[in-house]
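The briefing below is written for reading alongside the sequence and the coordinates. It begins with one helix and its surroundings and then moves through the topics one by one.

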Amino acid sequence: MSKGNITGVQLVSPGESIRPVSIAVADDGTIASISNASLQGSIADGGGELYAFPGFIDIHTHGANGCDLANAADDTVRIIAEAKLKEGVTTFLPTTWTASVEELETMVRTAASYRENQEFARTPFLHIEGPYLNPQQAGAQDLAAMRLPDVAEIEKLHGICPIGLVSLAVELEGALEFIEALTAKGIVMSAAHSGAKMAEFRKARAAGLKHLTHFCNQMSRLHHREIGLVGAGLLDQDVSLEMICDKIHLCEDMIELVFQLHSIDRIMLITDSIAASHLSDGEYPQGEGIIIVKDGAARLPKGNLAGSTLQYHNGLKNVAEITGLPLNELSKTTGYNQARSLGLKDRGSIREGLLADITLLNKDFEVEMTIVGGEVKYRK
Ligand code: FE
């Protein structure tokens, strides 16, 4: 049985030539077939023009459209999940902030309640960013709630809602044992808000570290006698790099440099978006404090960048314009690499048997339709 067909689209998927196709969706919401035949029974018609990307996977997002895990309420993740569809995101990891264990539990329960239905974008896992961070690299994270890595704390949260990714400062006391213990549970470990030296990075890698969180932001800088985490990320071709490509967190030259020097098989575009994304400039509550958004840049009153207002498709547009790389190559960085790293084998490409999670973009990178499980969940 068939749910219908996605017709008249240009296929953009890792390892595939960009070409006109029709995609048949099976009743269970997976891709039944991809062909160059013109099929009847269209659920979405690209008019021969629209690009069909594998649905975007944003592994780092705190909030959107006025809601944020920092101020978690019952429908917080549901509202974020609906907003994310407008960015072409079909899967995202709700991402926590540094907070007390009680506050973290509230954030995690909010995500767990959305996971029961997942009527908008999918949320297979949580991303726990903090509280095990280096106060010297706090950024917008709450200094008062920072503490040393605690496996029991993560196990408790993981019991409430599955955790896929944990970001921590790898130089903290107990970090290596923590990385080993959680890697053994299948949780991906990422270095963040960290002043680690290269030697500390190497130890963390040996313990199981796989990612660098928002590469270049709030991490030890590259110096010619101690290359820090920025140097580590450029040197180590097997470590995965999250990048916020809003041209604020990373300037255009840095984006170009990273794409020149690092394997594209290990680059993952993220938004690191906060409540103020999808809203206009202004002041927004954030935990106990406020965030001021001016010209799209979100900052604490003291000036630190505090997440982004980037929408996912605009990050891809920036990277395409800066690097000039073909879209099928870039589609690795918008879903395929994330899915592979997190063990989500059912998504990340447009291929027979995988979930029919597909984002239709026009030539200006605007999201025209977002399809989750073969259903059009957002239409411009
Ligand atoms: Fe961060």
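In this predicted model, helix α6 is mostly covered, with seven of its eight residues buried. The buried residues of α6 are G228, L229, V230, G231, A232, G233 and L234, and what covers them includes the strands β12 (188–191), β13 and β14 together with the helices α5 (198–207) and α7.

**The parallel sheet**

- An open sheet of six strands, paired in the parallel sense, follows the order β10-β11-β12-β13-β14-β15. Because β10 (126–129) and β15 (267–270) stand at the edges and have a single partner strand each, one side of each is left without a neighbour in the sheet.
- At one edge, β10 is joined to β11 by four bridges, with the two strands running parallel, and within this pairing E129 has S167 of β11 as its bridge partner.
- Strand β11, which spans residues 163–168, is mostly covered, since six of its six residues are buried.
- Toward the other edge, strand β14 (residues 240–244) pairs with β15 over four bridges, again in the parallel sense, and the bridge partner of E242 in β15 is M268.
- Helix α7, made up of residues 252–261, lies across both β14 and β15 and runs at about 160° to β14; α7 is also among the elements that cover the buried residues of α6.

**The iron site**

- Three residues supply the protein donors of the iron ion, namely E129 through OE, H193 through NE2 and H214 through NE2, and these donors lie 1.9 to 2.3 Å from the ion.
- The spacing of the donor residues in sequence is E-x63-H-x20-H. Since E129 lies in strand β10 whereas H214 lies in the loop between β13 (211–212) and α6 (228–235), the pair ties together parts that are 85 residues apart in sequence.
- Are E129 and H214 buried or exposed? Both residues are buried, and E129 is also the residue of β10 that has S167 as its bridge partner in β11.

**Packing of α1 and α2**

- Two packed helices are described by the angle between their axes and the distance between the axes. For helix α1 (residues 76–85) and helix α2 (residues 101–115), the axes come within 7 Å and cross at roughly 60°, and α1 and α2 are therefore oblique to each other.
- On the α1 side the contact is made by T76, V77, R78 and A81, which meet T110, A111 and Y114 of α2. By class, the residues of this contact divide into four nonpolar, two polar and one charged.
- Helix α1 is mostly covered, with seven of its ten residues buried. These buried residues are T76, V77, I80, A81, A83, K84 and L85, and T76, V77 and A81 also take part in the contact with α2.

**The β20–β21 hairpin**

- Strand β20 (residues 367–372) runs antiparallel to strand β21 (residues 375–379), and four bridges join the two.
- Within this pairing, the bridge partner of T370 in β21 is Y378.
- Two residues stand between the strands of the hairpin, in which G373 takes a positive phi near 55°.

**Backbone points to check**

- Most residues other than glycine have a negative phi, and most peptide bonds are trans. The cases below are set against that background.
- The peptide bond leading from G130 to P131 is cis, with an omega near 10°, and P131 is located in the loop between β10 and α3 (151–160).
- Q118 has a positive phi of about 50° although it is not a glycine. Q118 is placed in the loop between α2 and β10 and is partly exposed, with a relative accessible area of 23%.
- Q218 likewise is not a glycine and yet has a positive phi, of about 55°. Q218 is found in the loop between β13 and α6, and at 27% relative accessibility Q218 counts as partly exposed.
- The loop between β13 and α6 that holds Q218 is also the loop in which the iron donor residue H214 lies.

Terms used: Residues are numbered from 1 along each chain as its sequence is written. This is a predicted model: local features need pLDDT of at least 70, side-chain atom pairs count only at pLDDT 80 or more; totals for chains, interfaces and linings use all residues. Side-chain values use heavy atoms; hydrogens and water are left out. Two strands pair if DSSP finds at least two bridges between them. Contact means heavy atoms within 4.5 Å. Axes are lines fitted to C-alpha atoms, for helices over the stretch in contact, and angles run from 0 to 180 degrees between N-to-C directions. Donors are N, O and S atoms within 2.8 Å of the metal (3.2 Å for Na, K and Ca); water is not among the atoms, so sites may look incomplete. Buried means under 20% relative accessible area, exposed over 50%, partly exposed in between (1.4 Å probe, protein chains only). Angles under 35 degrees count as roughly parallel, over 145 as roughly antiparallel, 65 to 115 as roughly perpendicular and the rest as oblique. Ala, Val, Leu, Ile, Met, Phe, Trp, Tyr, Cys and Pro count as nonpolar, Asp, Glu, Lys and Arg as charged, and the others, Gly among them, as polar.
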